[in-house]
Amino acid sequence: MSTVKDENVLEVQKLVMTFGGLMALSNLNFQVKRGIIKAIIGPNGAGKTTLFNVITGSFPPTDGTVRFKGRSIQHLKAHKIADRGISRTFQTVELFGNMTVLENVMLGCHTRVRTSFMASGFVLPQSRRKEKRIRESALKILKFIGLADKFKDSADSLPLGEQKLLEIGRALASEPELICLDEPAAGLNETETHVASSLIKAINAKGMTVLLVEHDMKVVMNISDEILVLNYGQKIAEGPPEDVRNSPRVIDAYLGGAA
Amino acid sequence: MLRIAKLPIAIFALFIIIFPWIARQIPAIEHYTDIMVFAGIYCLITIGLSLLMGYTGQISIGHAAFYGIGAYVSAILTVRYGLNPWACMCIGMAVTAAVALLVGAPSLKLKGHYLAMATLAFGIIIFIIFNEETEWTGGPDGMAGIPGLSIFGFDLDSVEKYFYLVWGFVLAAFVFTVNVIQSGTGRALRAIHASEPASSAMGVDVFRFKIMIFVYSAVLASLAGSLYAHYLNFVNPSTFDLFFSIKLLIMIALGGMHNIWGAVIGAGLITFLSYEWLHYFEEFDVIVYGAILLLVTIFLPNGLVGVPGIVKGWFRR
């Protein structure tokens, strides 16, 4: 594989997403370089979550392509995209509340280790070994995100801050190359926000590429290498934090431009 | 990890083994072995339904139809074509699997309660077919003369022998299902119940799992149907009507949907209620079932298996 191709983990080209008459994304182009933290910001309704949903396969785009490691994925179902190596979290926490903290992370290993229906019904030795392996790697992840001592608790019982961390942990369990975090700091207090942003940095240090939607500008400016700014489904700025911060179009979009 | 204790399963198996002996000792309950055969047949269906509804969260109101397909395939092939009953049982399960695939594929793709609606309609259609295809099914009069079962020339001609056959199947299905629940497959099923978007984002092929469990539960119902037909040697459509599908729901709701034991307890209790304890109410037994469903939904959302938890809660206070 050529190094040039390898440089961009994700390439979005001419992406269009319409809902009825509403254009949520219009002709969007951008790339995500391997190994960086890229933040997507923009006012409410700018199309950030829609973009995430299209990338991770919740619904196919109206037009355009999404390439992951050089192969187009925009036609694939969500679980197939997860198989390829993209994982995500949700803006409103979507944990499996009926399961324990550990089980949530173990479920995240689903793309890596699978047991067939028959093998699980007859408890073949191989399926038992697989379970053990999943459990060990899930415990390791819980240690990494700092929830190891709560592994037995029901996921529902955690405070919001820890639920957000657990969602990140579950997403990590599939060992993705690209992880999409949808507002990981939303609703968190200052301490929790700090924990979340150091965790994101630690994930990135492990070599994972991070795509981040976030409203907390302190978090965004502190941890991201690049920022993409959307407004009404269109790109209005892209680049390193300091450039974006000073872009008149961005200031305009956020402050409601009379200028 | 979700663990289902082994000891109660062993005790339960032991209870099944000695049950006919106990019943024989007490004349007043001698016929309970016969009722337990029916309880076992219903149990096979509720075990599958519990996995489908309680664990995976997919509601079916049409399992009487799969039960009926099993029974009628067995009846028609043995009576009209003289085929071996065991072969008919397998053919019945294969036919049911194919039908479940056909019905499930479009309806499981939809969200919400569409599966419930689709299976409800499907159940009614199959019931009409049993009634109207007189040439094949004998219509409302049903079909008689279905042969009994035998294993290697050993006839299962007594109630007790049939009891062991049926409960052997129940135990096998129970253990298999428990294993599935405790495995990665079971985890994926519970994940689907909690959040479909999160499950598919984690790589779970939601549709494939749903259809797999739907077919599995239908095949168990079909097996139960065949066992029913060969036990009674007679089938007629009224056994497989909509009310039976609802009765199945009442069974797992009463026992507790979110626990596989609920399927066993609910099937056992409702069977004894309808065959033995509700005679006093005659046709008004429907009201009792309605009252049970109502009270359980309001006061025991986790069914009877949830009662120990509630009692424990009282003492902790």
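The contact between the two chains draws 29 residues from chain B and 34 residues from chain A. Keep in mind that this is a predicted model. Putting the chains together buries about 2600 Å², with 65% of that area coming from carbon and sulfur atoms. Over all chains, the structure holds 15 salt bridges. Here's the rundown by topic.

**Where chain B meets chain A**

- Two salt bridges turn up across the interface of chain B and chain A. In one salt bridge, the side chain of Glu103(A) meets that of Arg190(B), at 2.8 Å from N to O.
- The interface also has nine residue pairs in polar contact, counting pairs with both residues at pLDDT 80 or more.
- On chain B's side, the elements giving two or more residues are helix H7 (159-182), helix H8 (184-194), helix H9 (196-201) and helix H10 (206-232). H8(B) gives the most, with eight residues.
- Sort the chain B residues that touch chain A by type and you get 16 nonpolar, ten polar and three charged.
- Ser200(B) sits in helix H9 of chain B. Leaving out residues up to four places away in sequence, Ser200(B) touches Ala78(A), His79(A) and Ala82(A) from the partner chain, plus Val206(B). Ser200(B) has a relative accessible area of 15%, so it counts as buried.

**Salt bridges within the chains**

- In chain A, the side chains of Glu175(A) and Arg112(A) form a salt bridge at 3.4 Å, N to O. Glu175(A) is in the loop between H7 and E7, and Arg112(A) is in the loop between helix H4 (101-108) and helix H5 (117-121), so this pair ties together parts 63 residues apart in sequence.
- The two partners aren't equally accessible: Glu175(A) is exposed at 53% relative accessibility, while Arg112(A) is partly exposed with a relative accessible area of 33%.
- Also in chain A, salt bridges link Lys33(A), Lys38(A), Glu226(A), Lys235(A) and Glu238(A) into a network.
- Over in chain B, Arg24(B) and Glu160(B) pair up through their side chains at 2.8 Å, N to O. Arg24(B) belongs to helix H1 (residues 6-25) and Glu160(B) to helix H7, so the salt bridge joins parts that are 136 residues apart in sequence.
- Arg24(B) is partly exposed at 43% relative accessibility, and Glu160(B) is partly exposed at 25%.
- Another chain B salt bridge connects the side chains of Lys161(B) and Asp157(B), at 3.0 Å from N to O. Lys161(B) is partly exposed, with a relative accessible area of 29%, whereas Asp157(B) is exposed at 61%.

**Loop residues with a positive phi**

- Most residues other than glycine have a negative phi. Two residues here are worth a look on that count.
- Glu183(A) isn't a glycine, yet has a positive phi of about 50°. You'll find Glu183(A) in the loop between strand E7 (178-182) and helix H8 (190-205) of chain A. With 8% relative accessibility, Glu183(A) counts as buried.
- Asn233(B), also not a glycine, has a positive phi of about 60°. Asn233(B) is placed in the loop between H10 and strand E4 (234-235) of chain B. At 29% relative accessibility, Asn233(B) counts as partly exposed.

**Buried loop residues in chain A**

- Ser174(A) is in the loop between helix H7 (160-172) and E7 of chain A, and counts as buried at 11% relative accessibility.
- A polar atom of the Ser174(A) side chain lies 3.2 Å from the backbone oxygen of Ala171(A). Beyond four places in sequence, Ser174(A) is in contact with Ser87(A), Gly108(A), Thr111(A) and Arg112(A).
- Pro61(A) lies in the loop between helix H2 (48-55) and strand E4 (63-68) of chain A. Pro61(A) is buried as well, at 14% relative accessibility.
- Apart from residues up to four places away in sequence, Pro61(A) touches Leu15(A), Val16(A), Met17(A), Val54(A) and Gln74(A). The C-alpha atoms of Pro61(A) and Ala46(A) are 16 Å apart, with the two residues 15 apart along the chain.

**How far to trust chain A**

- Chain A has a mean pLDDT of 90, and 96% of its residues reach 70 or more.
- Residues 1-5 of chain A stay under 50 in pLDDT, and the model gives this stretch one contact beyond four places in sequence. Where pLDDT is low, the predicted coordinates shouldn't be read in detail.

Conventions: Residues are numbered from 1 along each chain as its sequence is written. Chains are lettered from A and ligands numbered from 1 in the order in which they are written. Side-chain values use heavy atoms; hydrogens and water are left out. Contact means heavy atoms within 4.5 Å. Buried area is the accessible area (1.4 Å probe) that two parts lose on being put together, summed over both. A salt bridge is a side-chain nitrogen of Lys or Arg within 4 Å of a carboxyl oxygen of Asp or Glu. A polar contact is a pair of N or O atoms within 3.5 Å; within protein, one must be able to donate a hydrogen and the other to accept it, and residues adjacent in sequence count only if both atoms are side-chain atoms. Helices (H or I, at least four residues) and strands (E, at least two) are DSSP runs, numbered from the N terminus. Ala, Val, Leu, Ile, Met, Phe, Trp, Tyr, Cys and Pro count as nonpolar, Asp, Glu, Lys and Arg as charged, and the others, Gly among them, as polar. Buried means under 20% relative accessible area, exposed over 50%, partly exposed in between (1.4 Å probe, protein chains only). pLDDT is the predictor's confidence in each residue, from 0 to 100.
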